[in-house]
Every structure is written in C-alpha cells, then in structure tokens.
Amino acid sequence: MKLLSWNINGIRAIEKKGFFEWLLTEPADIVCVQETKADPDILSEKFINPNHYRSYWTSAEKKGYSGVAVFTKKEPDNVIEGLGIPEFDKEGRVLELEYANFILFNIYFPNGSRGNVRVPFKMAFYDCFLKRAESLRKKGKSLIICGDVNTAHQEIDLARPRANETKTGFLPIEREWMTTLFSKGYIDTFRHLNPGKPGHYSWWDYKTGARARDIGWRIDYFIITPDLLPKLKDAFIQKDVMGSDHCPVGIDLSIKF
C-alpha cells in the first residue's frame, strides 16, 4: 500500500493549482493533508468524495486556520478527532483512523510562531500526542504517524542549521523531543532508508524564494512503530510536486489494506 502526506496550505487555494488532478493520478491508497483551512460543511462534493476516495476531516474553530483531512480508498473501522484535550482539539490538528492492521495518525503539529511565543504550546502538544501513541502501543497497536511535524530533527535536515539554531523548528528543546520519540523505537522512515544523505527537504520559505534555490527544511514525516519496519519498502519526497510551500512525502508498505 502507498500512503502520501502533504501540507497543502489551503484546500481551496491548492484546488486551483491542480490538487485534484494530482490526487486522481496518484496510485495512493491513503492521502493525508494538513492545513486545509476549511470547514467541510461548506465544501462541494468535489472536495468531500473525489473519485475512488472517501474523506474524513477535522477543522479549527478559527476560520481559515489549521485543519487536516484524510482521503482513503478503504473505510476505516473507527475515526477519532483530536487528542481529547480541548485546548488542542479546537485547532483541528489530529485525525486518528483505525484499520485492521494499523492505526494512522494524520497530524498538523503546532508551529512555535514568530518570536517562539507558541513553543510552550507546541511542546505540550508534542507530549500529549506521545502519551496517546504510547498508550496504543501498550495495547499492541501498530502505528503510522504522518504530517507536518514543524521540526527538523538533525542538522542534515535543513540547508542552514547554524542560522536557525534559535528559531522554532530547530530549537534544542524541539529537537530533543524528536530524539526522545525515536529513542522509544519509533522510526523516521525517510532517514532510515536514506542515512547520511543531505539535501532532502519538504518545506521552503515562500517569502525568500527559497524553493528556487533549494534552501529548505525536512519537517514533514512518516514515522512508524518498529513492528512495521520489516514491511517498509520505500520512503520518498516528491520535491517536484508544486502547489504549496511544502511538497508531498510518502511511504510504500507491504501490508494488507
């Protein structure tokens, strides 16, 4: 099965940039998107049930902000919105879909914001999510976690690490949380299959025209529990797919869907 994840920076904006054409030509079983910035109740059928997919959404209380959606070719057994914490859930950041052989998390993790003012909120969200994930692992569940994590883990994961050491997305406290996550056995699929290879990014700053110069960050991930590692066949970044300040990332798994 093939899974894709993409921070689309607005579903209505990216519709005009070929999103649905891309979606319908991709042989993906599940497509997760972040920053939908839309309430599905006001969207047309084209958005809700594109050909061969059914969709699940969660939106922020604030209009035009945050939100995630999952397009899937198979109906999940169960869908949970949020983490059960109103402070986080009102921002529409988490969808948890349970299938027969795994649980999928599609998450738009918080940004620390200008001046790092939301870093405490971001770290609290990180910790809350990890508690949820660990509780599922204790029940023997296999997990696939994808989305915009909003942190580059290592220096290899961004073009200019020295210049960004004091900025959210590469702060020591944010990177330490990711180190803790991986120390618990979670697998960064792309880095596992591409160890030591620099120059692979998934986000570029619009304002500075960074994409044309490939001055980017790898902040979009597929993370799996170790029991799924033998089933991991590929992990990739579709850097040539345009339409957002992010590009899609994906994995191929040898798993029954």
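This report describes the strands of a predicted model, with a six-stranded sheet and strand β7 as its two topics.

**The six-stranded sheet**

The sheet is open and has mixed pairing. Its strand order is β3-β4-β2-β1-β14-β13. At the edges lie β3 (54–58) and β13 (232–237), each of which pairs on one side only. Direction ignored, neighbouring strands of this sheet are turned by 15 degrees against each other on average. Inside the sheet, β2 (residues 30–34) runs antiparallel to β4 (residues 68–72), and five bridges join them. Q34 has V68 in β4 as its bridge partner.

**Strand β7**

Strand β7 covers residues 103–108 and is mostly covered: six of its six residues are buried. In a regular strand, side chains alternate between the two faces of the sheet. Here I103, F105 and I107 point one way from β7. L104, N106 and Y108 point the other way. Both groups are buried.

Which strands pair with β7? Strand β6 (residues 94–98) does so in the antiparallel sense, and strand β8 (residues 143–148) runs parallel to β7. β6 and β7 form a hairpin, with four residues between them. The route from β7 to β8 involves helix α5 (residues 119–138): the three make a right-handed β-α-β unit.

The table lists the strand pairs with one bridge partner pair each.

| Strands | Sense | Bridges | Partner pair |
|---|---|---|---|
| β2 and β4 | antiparallel | five bridges | Q34 and V68 |
| β6 and β7 | antiparallel | five bridges | E98 and I103 |
| β7 and β8 | parallel | six bridges | N106 and C146 |

Terms used
Residues numbered from 1 in each chain as written. Predicted model: local features only at pLDDT ≥ 70, side-chain atom pairs only at ≥ 80, totals over all residues. Heavy atoms only, no water. Pairing = 2+ DSSP bridges. Axes fitted to C-alpha atoms, helices over the stretch in contact; angles between N-to-C directions. Buried < 20%, exposed > 50% of the residue type's maximum accessible area, 1.4 Å probe, protein only. Right-handed = clockwise from strand over helix to strand, strands pointing away.
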